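User: I have a protein model open and would like to understand the spaces inside it. Could you walk me through them, one step at a time?

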Amino acid sequence: MIQSEFYVPSSLQKGGYIHVRCVIPENASPTTPSVICLHGAVMHNIIFDVCVDEGQPTFLEYLAQKGFAAFAISYRGYGESSKPEEMDASPFPLRPIMRYDDARQDVLDVLKYLQTRKGTESFHICGLSWGSVVAGSLATKHPDLVDKLVLLGAVYSYPNPSWAAILNPENPNQLNPGMGSYRVVTKNMITAAWDAEIPGSDKSTWRNSPAVELIVNDMFAGDKIWAEQQSTSPCFRIPTGVSLDVLEIYNQRPLYDASLVKCSTLILRGAYDTSSHPLDMENLLRHLGTSNKKMITFGNATHYAIAERKAKTLWEEISAFFLKD
């Protein structure tokens, strides 16, 4: 396997760039199928590139072992990608930045780059959490680019009560007025939602502690220069555009029309996932325009199942789906 990383110029931001992690087979060619992994609202592309247990590969490495060229993108504002100019100012009174359509354009920039540099014509897309919205909208706006679609821990159109903090407590049709253009995240905030979904006090039974440490350290490294200038405890910034998207989803105004998704689609969620609601996923499954569609719920798995100890079962489903004719 060949592991690397590269940066793709942004078409939306002068001087901006998108960071991509990459693992490809040694004998990769233009005909080698490509998988593009899209992260969610908090954890950037590192979520796809951690060892879920001692001696195990990362998800990207596993895909390369199965014969795929595997790529994981960080949208601008996340990880090693450039930060939008608004993130160098105070977050108030600016509106949230980097919504799903901005993220989708970052993905398009990468896909066009890969088409030009590697000759790849179309791609398998794996979208996690908010990344499922980016992936779904990509499949409807640019169907020629998407061969197959995996929606992992997805969200679509449902008033999920776990999102209450994002909404105006007096009017769920409005965003919480305390939401600026970006938010500052501290170390204990990174895994708070993950911790809450894992039953019991010993979280290491579900996830590998070194993997969590790698994720946390990598997230801080992505905003190191800014963080070093702060006088407060270790922290970093992430955009809040996803909050406006969640507002629409909560009020059952989906951000893409699932009936326009014509490619084969697999929906996966963990039984302990509080962000991806089962009723929402059943509704999404019904509305998907493709006849080749399937949903699987995994027991003893959370919203972050892709990076948990039992992730290999999930990976096997994903690779088998992508390999199936």
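**Cavity, core and pockets**

Analyst: Happy to! The largest cavity is lined by H44, G77, Y78, G79, K83, M219, G222, D223, F236, R237 and I238. Keep in mind that this is a predicted model.

User: Which strand gives the largest share of the lining of the largest cavity?

Analyst: Look along the lining for neighbours in sequence, and you will find F236, R237 and I238 among the residues there. The strand that covers residues 235-239 supplies three residues, the largest share of this lining. That strand is β10.

User: What is the volume of the largest cavity?

Analyst: With a cut-off of 30 Å³ or more, the count comes to one cavity. Its lining has four nonpolar, four polar and three charged residues. The volume of this largest cavity is about 40 Å³.

User: Now the pockets. Which helix gives the most to the lining of the largest pocket?

Analyst: The largest pocket has a volume of about 900 Å³ and is lined by 34 residues. Several elements each supply at least two residues of the lining, namely β9, α4, α5, β10 and α8. The one that gives the most, with five residues, is α8.

User: How many residues of the lining of the largest pocket are nonpolar?

Analyst: Nearest the centre of this pocket lie A41, V42, I166, R183 and S275. Alanine, valine and isoleucine count as nonpolar, whereas arginine counts as charged and serine as polar. Over the whole lining, eight residues are polar and three are charged, while the number of nonpolar ones is 23.

User: And the second largest pocket: how many charged residues does its lining have?

Analyst: This pocket holds about 270 Å³ of space. Of its 16 lining residues, K83, G222, D223, I225 and R237 are the closest to its centre. Helix α7, residues 224-228, gives the largest share of the lining with three residues. By class there are five nonpolar and five polar residues, and the number of charged ones is six.

User: Last topic, the nonpolar core. Which helix gives the most to the largest one?

Analyst: In soluble globular proteins, nonpolar side chains tend to be buried together. Here the largest nonpolar core has 104 residues, and Y75, L284 and I306 touch the most other members. The helix that gives the most to this core, with seven residues, is α2.

User: Which residues does L284 touch?

Analyst: L284 is one of the three core residues that touch the most other members. Leaving out residues up to four places away in sequence, L284 touches L151, A154, Y156, Y256, A258 and I267.

Conventions
Residues numbered from 1 in each chain as written. Predicted model: local features only at pLDDT ≥ 70, side-chain atom pairs only at ≥ 80, totals over all residues. Heavy atoms only, no water. 1 Å grid on protein atoms, 1.4 Å probe; cavity = no way out; pocket = protein on both sides within 12 Å on 5 of 7 lines; lining within 4 Å. Points joined across faces, edges and corners; volume = space filled by probe spheres on them. Helix = DSSP H or I, 4+ residues; strand = E, 2+ residues; numbered from the N terminus. Core = buried A, V, L, I, M, F, W, Y, C linked by side-chain atoms within 4.5 Å. Buried < 20%, exposed > 50% of the residue type's maximum accessible area, 1.4 Å probe, protein only. Contact = heavy atoms within 4.5 Å.
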